[in-house]
Amino acid sequence: MVGQAADGFLSIRHLVKEFVSDDGGTFRAVDDISLDIRKGEIFALLGPSGCGKTSLLRMLGGFDLPTSGSIILGGQDLAQLAPFERPINMMFQSYALFPHLSVWDNIAFGLKREGLPKDVVAERVEAMLKLVQLGKFAQRKPHQMSGGQQQRVALARSLAKQPKLLLLDEPLGALDKKLREETQIELVNIIESVGVTCVMVTHDQEEAMTMASRIGIMSEGSILQVGTPNEIYETPTSRFVADFIGNVNLMDGTLAVDEASHVEIQCDDVRHWVGHGITGHEGMPVTVALRPEKIRISPRPPVPGEEDLAPAPLNQVKGKIKDMVYFGSDTLYHLQMPSGAILKVSQSNTERHPDDHLTWDDEAYAWWTPSAHVVLTQ
Ligand code: ATP
């Protein structure tokens, strides 16, 4: 079953959330999700808008009740606990800081409400201020802080109650791109130093890849694949996941040769040589997923024997450069293949003035190794 693991600290079982749809029927925003989250990990729920991420997170936080299914945290069924009794805290995208309270009082708020003794409150607030390195700003009001600093106050406030589970809803969504990148690593370091288990929701794949130990890719209320960022990127198991994460060339074709040690896949412009067997049969329709950075491009054809090549003319195509996007560290080429379809090829700009300079309308050869592709059957 997708998402099952033996060592679940947070175990989600057959969770369903239905809403009444516009035509009066029911609509499943979360459709029978089972998932295990490990203690101490940062788990990201990633998916397009409307796929059900927030609905799932809200049920974990106790803000919404499941239609059916169970949520077990550290062996305890959460359905038996009122939201305020749950050892869970949620940090909202808007941070929801109290504007009239100082940073110190914002962090202390939940602790005071819990009725903790004054000295314990003070001790915890000081520890949190130190953790997020905002000791100097304790008496400032939120509007006197930058977006990144406010985000750290919100995090300190969420962690002050020492939750077993921290929920983050688009944690960096309110920050601009550069600050977001800097803050991602900072946030991970703080969360890891406290050791709290964390589930975050994001539609930003870079954020999920940078911050999470594992990612669950969601679509239409279901989790399609769970894996480390590397597994999700390099070994997607479906067309949706391959296409959703990063840049990819998807080529539909037919399994033409099916051997235990390799397969050949005939597509419109290319015959692929894949250096491993797959579960399938000859004549079966399959999709080849090929990441742009796995492809080499040059004005000259590949030299046999120079690298790990498939038997010529497999895994190569000649085309014309129709477009180029220069990103500085790399360039993305759009190579038009004989059928008119575009092959995206990304090349690192390792040299400032390469001999093999390519430009618009140049003819070029593209090729890739037998291990470059992922063959998708769904
Ligand atoms: P986004 O990234 O845009 O926030 P999401 O993946 O978090 O999207 P949800 O907010 O969980 O998606 O919504 C999932 C689906 O459930 C959507 O189609 C949404 O319109 C619907 N939905 C969410 N809340 C309600 C509600 N209270 N009543 C009816 N439908 C709802």
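Student: Why is D36 called buried in this predicted model?

Tutor: D36 has a relative accessible area of 1%. Buried means under 20%, so D36 is called buried.

Student: What makes R13 partly exposed?

Tutor: The relative accessible area of R13 is 25%. Partly exposed covers the range between under 20% and over 50%, so R13 counts as partly exposed.

Student: How do you know that R13 and D36 meet in a salt bridge?

Tutor: The distance between their side chains is 3.0 Å, N to O. The cut-off is 4 Å between a side-chain nitrogen of Lys or Arg and a carboxyl oxygen of Asp or Glu, so the pair of R13 and D36 qualifies as a salt bridge. R13 sits in strand β1 (residues 10-20) and D36 in strand β2 (residues 26-37), with 23 residues separating them along the chain.

Student: Why is the contact of K161 with E114 called a salt bridge?

Tutor: The closest N and O atoms of K161 and E114 are 3.7 Å apart. The limit is within 4 Å, so this pair counts as a salt bridge.

Student: What parts does the pair of K161 and E114 tie together?

Tutor: K161 belongs to the loop between α4 (147-160) and β7 (165-169), and E114 to the loop between α2 (103-113) and α3 (118-131). These parts are 47 residues apart in sequence. K161 is partly exposed at 30% relative accessible area, and E114 is partly exposed at 46%.

Student: What makes R152 and E186 a salt bridge?

Tutor: Their side chains meet at 3.6 Å, N to O. A salt bridge needs a distance within 4 Å, so R152 and E186 form one. R152 is in helix α4 and E186 in helix α5 (residues 177-194), 34 residues apart.

Student: Are R152 and E186 buried or partly exposed, and how do you know?

Tutor: R152 has 16% relative accessibility. Buried is under 20%, so R152 is buried. E186, at 33%, counts as partly exposed.

Student: How many salt bridges does the whole structure hold?

Tutor: A search finds 14 salt bridges. Some form a network, in which E18, R28 and D31 are linked.

Student: What makes S55 a polar contact of the ligand?

Tutor: A polar side-chain atom of S55 is 2.6 Å from an oxygen atom of the ligand. A polar contact is a pair of N or O atoms within 3.5 Å, so S55 makes one. Backbone N or O atoms also come into play: one of G50 lies 2.7 Å from a ligand oxygen atom, and one of C51 lies 3.1 Å from a ligand oxygen atom. The ligand taken alone exposes 640 Å², of which the protein buries 57%.

Student: Which element gives the largest share of the shell around the ligand?

Tutor: α1 supplies three residues, the largest share. Both β2 and α1 (53-61) supply at least two. By class, the shell has five nonpolar, five polar and one charged residues.

Student: Why are β16 and β17 called paired?

Tutor: Strand β16 (residues 316-326) and strand β17 (residues 330-336) share six bridges, in the antiparallel sense. At least two bridges are needed, so the strands pair. One of these bridges joins D323 to H334 in β17.

Student: How do you know that β17 and β18 pair?

Tutor: Seven bridges connect β17 with strand β18 (residues 342-348) in the antiparallel sense. The requirement is at least two, so they pair. H334 has K344 as its bridge partner in β18.

Terms used
Residues are numbered from 1 along each chain as its sequence is written. This is a predicted model: local features need pLDDT of at least 70, side-chain atom pairs count only at pLDDT 80 or more; totals for chains, interfaces and linings use all residues. Side-chain values use heavy atoms; hydrogens and water are left out. Helices (H or I, at least four residues) and strands (E, at least two) are DSSP runs, numbered from the N terminus. Buried means under 20% relative accessible area, exposed over 50%, partly exposed in between (1.4 Å probe, protein chains only). A polar contact is a pair of N or O atoms within 3.5 Å; within protein, one must be able to donate a hydrogen and the other to accept it, and residues adjacent in sequence count only if both atoms are side-chain atoms. Accessible areas come from the Shrake-Rupley method with a 1.4 Å probe; for residues, only the protein chains shown count as cover. Ala, Val, Leu, Ile, Met, Phe, Trp, Tyr, Cys and Pro count as nonpolar, Asp, Glu, Lys and Arg as charged, and the others, Gly among them, as polar.
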